Amino acid sequence: MSGPEDVGGLSRRAALRAGALAGAGMAAVGAGGGTAAAADAGPRIPGADESTWPKRRGRSMMGVPFDRHRTVRVGIIGLGNRGAAMLPLFLALEGVRVTALCDVDREKVAEAVKTVTDAGQPEPATFTTGEDAYEQLCAYRKLDFVYVVTPWEWHTEMALTAMRAGKHVGVECPIATSVRDLWRLVDTSEETRRHCIQLENCCYGQNELRVLRMAHEGLFGELLHGSGAYLHDLRELLFSDTYYEDEWRRAWHTRRDGDLYPTHGLGPVAAYMDINRGDRLVRMTSMSTPALGLADYRDRHVPRDDPKWDERYVNGDVTMSLLQTERGRVIHLVHGVSNPHPYSRLNYLAGTRGAFEDYPERIYLEPDASGHEWQDFGRYAEYDHWLWKDVGPGPGGHGGMDYLMLYRLAQTMRLGLAPDMDVYDAAAWNAPFALSIHSVRHDGATVPFPDFTRGEWKTPHPGTDSSKPSGG
């Protein structure tokens with residue numbers, strides 16, 4: 001099997017860019033400070049600063065290609081809102097078969113089986129009985145890839161089980177809720193030689209991929225800072241008696257104060273800045289507002305005799321975090337789901353030659369820009385990623401990004417290419433969950449950011465700025 005030195009599927013432009021970032025560019029920006037400075041700042045978290053990173057027991061999974069699969073056989077664990085919505089997208093992919101389903105709700109499994117057979121595929125195996133039902137699915141022989149879409153607290157163990165059973169795995173966000181569990185996923189991926197991928201990562205939107213291509217072509221000049229967010233008014237859904245099974249998601253707001261959903265905002269910005277491909281995250285700090293929104297909503301919409309009145313909400317309505325990279329760049333993250341607000345992921349990027357801002361989309365780039373007026377982002381459609389030019393949104397899913405995410409995953413598996421994102425990306429994008437909680441608890445203290453690549457963050461390897469493969 002290929003190792004980290006392989007750059008199959010990596011464009012020449014991306015390889016040259018990563019090499020440049022690892023060379024002279026590092027010396028030009030002294031603000032990053034590196035690991036030593038990060039380790040000296042603020043309270044320590046086991047597994048965060050370099051002295052507590054676990055020793056590698058396997059080999060790097062960076063740039064490691066999939067074995068070629070004529071047909072990609074998929075098993076899904078969890079058939080609630082998200083799992084049921086993603087099932088038709090898997091079924092729409094050429095060369096993909098859904099061969100196994102798992103959920104303790106037999107009615108949901110029966111509905112999913114009908115969806116599969118109505119699509120013309122053979123009836124899948126089903127696993128519905130006992131706490132080890134997901135283990136039975138992972139052990140199923142006719143399976144290449146496991147998709148985990150369950151309540152957050154089960155994500156890590158299910159992903160570990162899948163890899164140990166010899167399956168590649170994709171996990172909904174967050175992939176883990178502690179630094180320790182992120183290291184467990186990294187170590188297990190390396191030991192088993194199975195990929196562990198963050199799914200629903202918001203990296204395949206048309207705007208995100210266009211900005212990525214423009215950033216990597218140098219249109220923004222030297223990148224300086226970016227913003228990402230998950231601003232989504234979830235109050236009605238959080239208080240629904242049926243939307244989240246056993247109302248598990250609202251329970252997290254009674255347990256933790258921090259950024260509980262960092263990946264949507266961080267994933268695209270990390271791609272723009274070549275995180276783990278020439279730069280890395282070294283430190284972060286977080287602050288939260290008071291937790292008032294859910295209690296206010298309950299006061300106006302929930303009867304006084306409802307058990308929800310026994311709950312105490314501790315997750316701040318808005319958590320803001322600042323992350324700094326080795327090269328001194330700064331990323332601003334925001335999480336807020338407890339107040340009225342239009343949906344936004346912010347998706348902002350600025351460099352020495354201009355800036356892009358989403359929601360609504362607009363851009364300001366020299367030398368095209370004049371005065372102080374934003375420009376029409378549509379004039380840069382020529383930089384659209386080939387996935388949007390040649391494949392398009394398909395059956396949809398978050399405007400098409402979900403379909404393209406699965407399309408690209410299946411394509412890399414069928415052609416034997418390295419995935420666009422790996423376990424190191426998943427770990428980096430999810431780490432703010434635990435790190436923000438720790439920082440908020442310690443009055444916004446700066447905390448070090450783990451290097452899950454263990455020093456290999458300069459290594460060129462494929463990312464979402466991929467070249468169109470031949471034969472696919």
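How far apart do the end C-alpha atoms of residues 209–376 lie, and what share of the span is helix and what share strand? I began here, in what is a predicted model, and I found the two end C-alpha atoms 17 Å apart, with 21% of the span in helix and 26% in strand. The span itself comes from UniProt, where an unreviewed entry lists residues 209–376 as "domain: Glycosyl hydrolase 109 C-terminal".

**Entry: strand 11 and its partners**

I looked next at strand 11 (residues 348–351), where Tyr348 and Ala350 point one way while Leu349 and Gly351 point the other, and I noted that all of them are buried. This recalls the general rule that side chains in a regular strand alternate between the two faces of the sheet. I then followed the pairing: strand 7 (residues 223–231) is joined to strand 11 by four bridges and runs antiparallel to it, with Ser227 having Tyr348 as its bridge partner. Strand 12 (residues 354–357) is also antiparallel to strand 11, through three bridges, and here Gly351 stands opposite Gly354. The connection from strand 11 to strand 12 is a hairpin through two residues.

**Entry: the parallel sheet**

I traced an open sheet of six strands with parallel pairing, in the order 3-2-1-4-5-6. Strand 3 (125–127) and strand 6 (196–198) are the edge strands, and because each has a single partner strand, one side of each is left without a neighbour in the sheet. On average, and ignoring direction, neighbouring strands of this sheet are turned by 25° against each other. I checked one pair in detail: strand 1 (residues 72–77) and strand 4 (residues 145–148) run parallel and are joined by four bridges, and Ile76 has Tyr147 in strand 4 as its bridge partner. Helix 4 (residues 81–91) packs on the sheet and touches strand 1, strand 2 (96–102) and strand 4, its direction making about 155° with that of strand 2.

**Entry: nonpolar cores**

Which residues have the most contacts inside the largest nonpolar core? I listed Ile76, Ile77, Phe90, Val169, Leu185, Tyr204 and Phe220, in a core of 109 residues. Its largest share, nine residues, comes from helix 16 (residues 423–441). Apart from this core lies another, of 18 residues, including Trp248, Leu260, Tyr297 and Tyr313. Returning to Ile77, and leaving out residues up to four places away in sequence, I found that Ile77 touches Cys102, Tyr134, Leu137, Cys138, Val146, Tyr147, Val148, Val149, Thr150 and Met158.

Terms used. Residues are numbered from 1 along each chain as its sequence is written. This is a predicted model: local features need pLDDT of at least 70, side-chain atom pairs count only at pLDDT 80 or more; totals for chains, interfaces and linings use all residues. Side-chain values use heavy atoms; hydrogens and water are left out. Two strands pair if DSSP finds at least two bridges between them. Axes are lines fitted to C-alpha atoms, for helices over the stretch in contact, and angles run from 0 to 180 degrees between N-to-C directions. Contact means heavy atoms within 4.5 Å. A nonpolar core is a set of buried Ala, Val, Leu, Ile, Met, Phe, Trp, Tyr and Cys residues joined through side-chain atoms within 4.5 Å. Buried means under 20% relative accessible area, exposed over 50%, partly exposed in between (1.4 Å probe, protein chains only). UniProt positions are given in the numbering used here, feature names are shortened, and annotations may be inferred rather than shown by experiment.
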